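Student: I should like to understand how terms such as "buried" or "disulfide" are justified. May we work through some examples?

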Amino acid sequence: MRQENIKVNNVVRATETTLPRENYVSSEIFELEHRNIFSKQWTYAGHISQIPKIGDYFLHSYAGESLIIVRESADTIRAHYNVCRHRGSQLTKSDSGTVKSFVCPYHQWSFALNGALRRAPMMPDKDCIDYEKLSLHPAAVEVWAGLIFVNLDPAPAESLLELVGPPSECVQKLQPENMKEIVRDLLRVQANWKTLLENYLECYHCAGSHPELGIAFDIQSSYGQTADWGGSCFIGGEPLRKGFRTVSMTGELVSKPLGLFAEEKELPAEVTDGMGLLPVLTRVIFHLDHAIIHTMNPISEREVEWTTRWYVRSDAVEGVDYNPDTVAEVWRATNAEDKELCERNYRGVLSRRFISGPLNPIAEGAVRPALNLIEKLLTY
Ligand code: FES
Ligand SMILES: [Fe+2]
């Protein structure tokens, strides 16, 4: 049972802990999380630049599902479950492409971009099946500042816009819709997804384990900031070290300024903005010259995929305006360190002797509120 941190003789006694061991190792709890959390939460899927033309699509894997994200018209993007309505075959052979319709490779049923069943070849007669009832299963999809978010629930309790609100003035000025993805790193982490989440939410470990992050970020002020992340979304960026203009090893810009900032004679000392979704983390961080988006994809109770994508303005030229390895340098190193930390942490959690000790009330202050949210969602 959880206890609040208590004050004894004006001393804060750390009494909050993480969850009981079972929550990290049980496949039954993972299934419950799938039903109550993964299947109902908004998460990041990709950027509009991946599907500029009608019929462009890409596949998105999340929580064991494959979704087809497709541009139906200039202003409509759809998300369909990649499951044929005949006998369930996946519909596409490649991860991305351009189509007029989706033709199932198995018995050639074809579906329009909006998911409607158009043809089912060689059926005895035209009324043999009810076409109206055999559209592809939809997922919810919403675009926020050029970023495509999906929800496995086709009718979510809350729209993404209701949840997060419109992009801030600063984000609008950065024009995220005019960015392109230049690097994507996928890490398979052998740990429960909550182990990875806890790790992301605290920087208690940063000084000892993240030399690169410690160079670019103001770790002390990040404690105060993450302390507010109690709900299912949060707004804001990551505070940089004083004198740093962006996330890089030197503090110097690693690409051209984003959006309207490129037109300014005098650039601001620092730009950091963004948003995040919890508990399955999507973290969007904007800086003056690039953006970083972290996402997690729970695979099983013992495995989670951690993806980081880096974006620069769409007209930036590789080798002239940016070098992908330099843009990715700080977070790529940090991710590798975190993977190792989380896997070692999880091997300890697998021990039947594991029982969580007290959390640091300041440096790990954001962990318990996120776990409270998970516990609350599991009881619905
Ligand atoms: S499974 Fe798709 S047409 Fe048969
Ligand atoms: Fe870390």
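Tutor: The following exchange sets values from this predicted model against the cut-offs behind each term.

Student: Why is Asn192 called buried?

Tutor: Buried means under 20% relative accessible area. Asn192 has a relative accessible area of 0%, so the residue counts as buried. Asn192 is found in the loop between strand S13 (179–189) and H5.

Student: What makes the approach of the Asn192 side chain to Lys194 a polar contact?

Tutor: The cut-off is 3.5 Å between N or O atoms. The side chain of Asn192 comes to 2.9 Å from the backbone nitrogen of Lys194, and therefore the distance falls within that limit. A polar atom of the same side chain also lies 3.0 Å from the backbone oxygen of Glu301.

Student: Which residues does Asn192 touch, leaving aside those up to four places away in sequence?

Tutor: They are Asn23, Tyr24, Glu301, Arg302, Val304 and Tyr346.

Student: How do you know that Cys203 and Cys206 form a disulfide?

Tutor: Two cysteine sulfur atoms must lie within 2.5 Å. For Cys203 and Cys206 the S to S distance is 1.9 Å, so the pair meets the criterion. A search of the whole structure finds 1 disulfide, and both Cys203 and Cys206 are buried.

Student: Why is this disulfide called left-handed?

Tutor: The torsion about the S-S bond of Cys203 and Cys206 is about -95°, and for that reason the disulfide is left-handed.

Student: Why is Cys342 in no disulfide?

Tutor: The nearest cysteine sulfur, that of Cys206, is 11 Å away, whereas the cut-off is 2.5 Å. Cys342 is therefore in no disulfide. Cys342 is nevertheless buried, with a relative accessible area of 1%.

Student: How do you know that Cys104 is buried?

Tutor: Cys104 has 2% relative accessibility, and the limit is under 20%, so Cys104 counts as buried.

Student: What makes strands S13 and S14 edge strands?

Tutor: The open sheet has 6 strands in the order S13-S18-S17-S16-S15-S14, with antiparallel pairing. S13 and strand S14 (233–235) are the edge strands, as each pairs on one side only. On average, neighbouring strands of this sheet are turned by 10° against each other, direction ignored.

Student: Why are S17 and S18 said to pair?

Tutor: Pairing requires at least two bridges. Strand S17 (residues 291–300) and strand S18 (residues 303–313) run antiparallel and are joined by 9 bridges, so they pair. Within this pairing, Asn297 stands opposite Glu305 in S18.

Student: What makes S14 and S15 a pair as well?

Tutor: They share 3 bridges in the antiparallel sense, and the requirement is at least two, so the pair qualifies. Cys233 has Leu277 in S15 as its bridge partner. S15 also pairs with S16, over 6 bridges in the antiparallel sense, and a hairpin joins S15 to S16 through 4 residues.

Student: Why is strand S15 described as mostly covered?

Tutor: Strand S15 (residues 272–277) has 6 residues, and 5 of them are buried.

Student: How do you know that the span of helix H10 is close to what is expected?

Tutor: Helix H10 (residues 367–378) has 12 residues and reaches 17 Å from its first C-alpha to its last, against an expected 16 Å. Its buried residues include Val367, Leu371 and Leu378. Among the elements covering the buried residues of H10 are helix H1 (22–25), helix H2 (27–38) and helix H5 (193–201).

Conventions:
Residues numbered from 1 in each chain as written. Chains lettered and ligands numbered in written order. Predicted model: local features only at pLDDT ≥ 70, side-chain atom pairs only at ≥ 80, totals over all residues. Heavy atoms only, no water. Expected span 1.5 Å × (residues − 1). Buried < 20%, exposed > 50% of the residue type's maximum accessible area, 1.4 Å probe, protein only. Contact = heavy atoms within 4.5 Å. Polar contact = N/O pair within 3.5 Å; in protein donor to acceptor, adjacent residues only side chain to side chain. Axes fitted to C-alpha atoms, helices over the stretch in contact; angles between N-to-C directions.
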